[in-house]
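I opened this structure to make notes for someone who has not seen it before. The entries follow the order in which I looked things up.

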Amino acid sequence: AGNVPYFDNLAYREYLSTTGTGVNFKLGMIFRPIHELRLGLSAHTPTFFSLEDNFTSSMSYQYTLEDGDVVEAAGESPDGYFNYKLSTPWRFSGSAAVIINKFGFISGEVEYVDYGNAAFNYDNFAAEEREVNNAILTTFKPVLNIRAGAEIVYDILRFRGGAAFLPSAIDGDNTINHTWSIGAGIVQQAYFLDLAYRFGKIQNTYLL
């Protein structure tokens with residue numbers, strides 16, 4: 001009961017390999033209005049990727065006839081490839097660090113990214129390019145990523161802690177992902193040693 005005549009198994013396989021190169025530029029400035037205070041500004045241009053997808057698919061099928069003979073059939077698609085370009089969003093950040101004499105420092109950073117400004121470029125596929133870029137524009141939103149950290153100096157020892165608050169880039173999703181880190185180190189003239197532990201709590205939303 002429940003058996004499907006002339007069917008033993010079926011396997012479908014897909015293969016995809018993406019290769020490419022990318023380039024971007026970063027510009028930053030640091031201001032020190034007083035010795036104990038350091039302020040920074042930076043801008044990261046979009047990363048301009050040139051990419052190529054190579055893909056194939058195959059399927060195999062096996063079944064047994066009434067007389068017991070096993071029949072196998074298989075097929076494979078032609079090799080496929082697709083060239084396209086991708087640009088990621090601009091990133092702007094501001095940071096500040098307060099140096100507490102010889103006892104350590106406290107620092108923080110705020111980063112602005114508008115993920116809706118990512119864009120694909122498909123040569124000779126204008127309609128598909130417009131559709132995917134409109135989907136990016138309406139699906140993703142700007143976010144402010146916040147990071148903070150501190151270091152305490154005690155003789156040759158260094159103790160560090162940090163936290164990051166990363167909002168979801170999907171429009172309508174108010175999830176904020178958190179990461180926490182702690183570390184310790186030893187600093188000498190001839191060598192230094194650092195150990196760190198990082199914990200992250202991340203919630204993802206998938207859209208089809």
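**Entry 1: a cut-off, then Asn9.** Before reading any accessibility value I wrote down the cut-offs: buried means under 20% relative accessible area, exposed means over 50%, and partly exposed is in between. I also noted that the model is predicted. I looked up Asn9 and found a relative accessible area of 36%, so Asn9 is partly exposed. Asn9 sits in strand β1, which covers residues 9-23. I then listed its contacts, leaving aside neighbours within four places in sequence, and got Ser60, Tyr61 and Gln62. I also took the separation of the C-alpha atoms of Asn9 and Phe48, which are 39 residues apart along the chain, and it came to 44 Å.

**Entry 2: Gln62.** Since Gln62 is on the contact list of Asn9, I went there next. Gln62 belongs to strand β4, residues 48-64. With neighbours within four places in sequence left aside, I found Gln62 in contact with Phe7, Asp8, Asn9, Val70, Val71 and Glu72. For Ala74, 12 residues from Gln62 along the chain, I read a C-alpha separation of 8.7 Å.

**Entry 3: the whole chain.** I stepped back to count elements and got 1 helix and 13 strands. I wrote their order from the N terminus as β-β-β-β-β-β-β-β-β-α-β-β-β-β. Why do I call the protein more spread out than a compact globule? Its radius of gyration is 27 Å, well over the 17 Å that the globule rule gives for 208 residues, so the label follows. I took the span of the C-alpha trace along its principal axes as well, and it is about 90 × 40 × 40 Å. Of the 208 residues, 19% count as buried. I also looked at contacts between residues at least 6 apart in sequence: 58% of these join residues at least 24 apart.

**Entry 4: β10 to β13.** I followed the chain through its later strands. β10 pairs with strand β11 (residues 157-167) in the antiparallel sense, over 9 bridges. In this pairing I found Val153 opposite Arg158 of β11. The two strands form a hairpin with 2 residues between them.

I moved on to the other partner of β11. Strand β12 (residues 176-187) runs antiparallel to β11, and 11 bridges join them. I noted two bridge partners here: Phe165 goes with His178 in β12, and Ala163 goes with Trp180 in β12.

β12 also pairs with strand β13 (residues 192-201), again in the antiparallel sense, over 10 bridges. His178, which I had already met as the partner of Phe165, stands opposite Lys201 in β13. The hairpin from β12 to β13 goes through 4 residues.

**Entry 5: two positive phi values.** Which residue in the turn between β10 and β11 has a positive phi? I found Asp155, with a phi of about 60 degrees, a positive value in a residue other than glycine. Asp155 lies in the loop between β10 and β11. Its relative accessible area is 65%, which is over the 50% cut-off, so I put Asp155 down as exposed.

I made the same kind of note for Asn101. Asn101 is not a glycine, yet has a positive phi of about 45 degrees. I placed Asn101 in the loop between β7 and β8. With a relative accessible area of 59%, Asn101 is exposed.

**Entry 6: a pocket.** My last search was for empty space. Rolling a probe the size of a water molecule over the atoms shows where empty space is left. I looked at the second largest pocket, and about 180 Å³ of space lies in it. Of the 13 residues that line this pocket, the closest to its centre are Ser95, Ala96, Ser107, Gly108 and Glu109. Which elements give two or more residues to the lining? I wrote down β3 (37-44), β7 (91-100), β8 (104-114) and β10 (142-154). By type, I sorted the lining residues into 5 nonpolar, 5 polar and 3 charged.

Methods
Residues numbered from 1 in each chain as written. Predicted model: local features only at pLDDT ≥ 70, side-chain atom pairs only at ≥ 80, totals over all residues. Heavy atoms only, no water. Contact = heavy atoms within 4.5 Å. 1 Å grid on protein atoms, 1.4 Å probe; cavity = no way out; pocket = protein on both sides within 12 Å on 5 of 7 lines; lining within 4 Å. Points joined across faces, edges and corners; volume = space filled by probe spheres on them. Nonpolar A, V, L, I, M, F, W, Y, C, P; charged D, E, K, R; others polar. Pairing = 2+ DSSP bridges. Rg over C-alpha atoms; globule rule 2.2 N^0.38 Å. Buried < 20%, exposed > 50% of the residue type's maximum accessible area, 1.4 Å probe, protein only.
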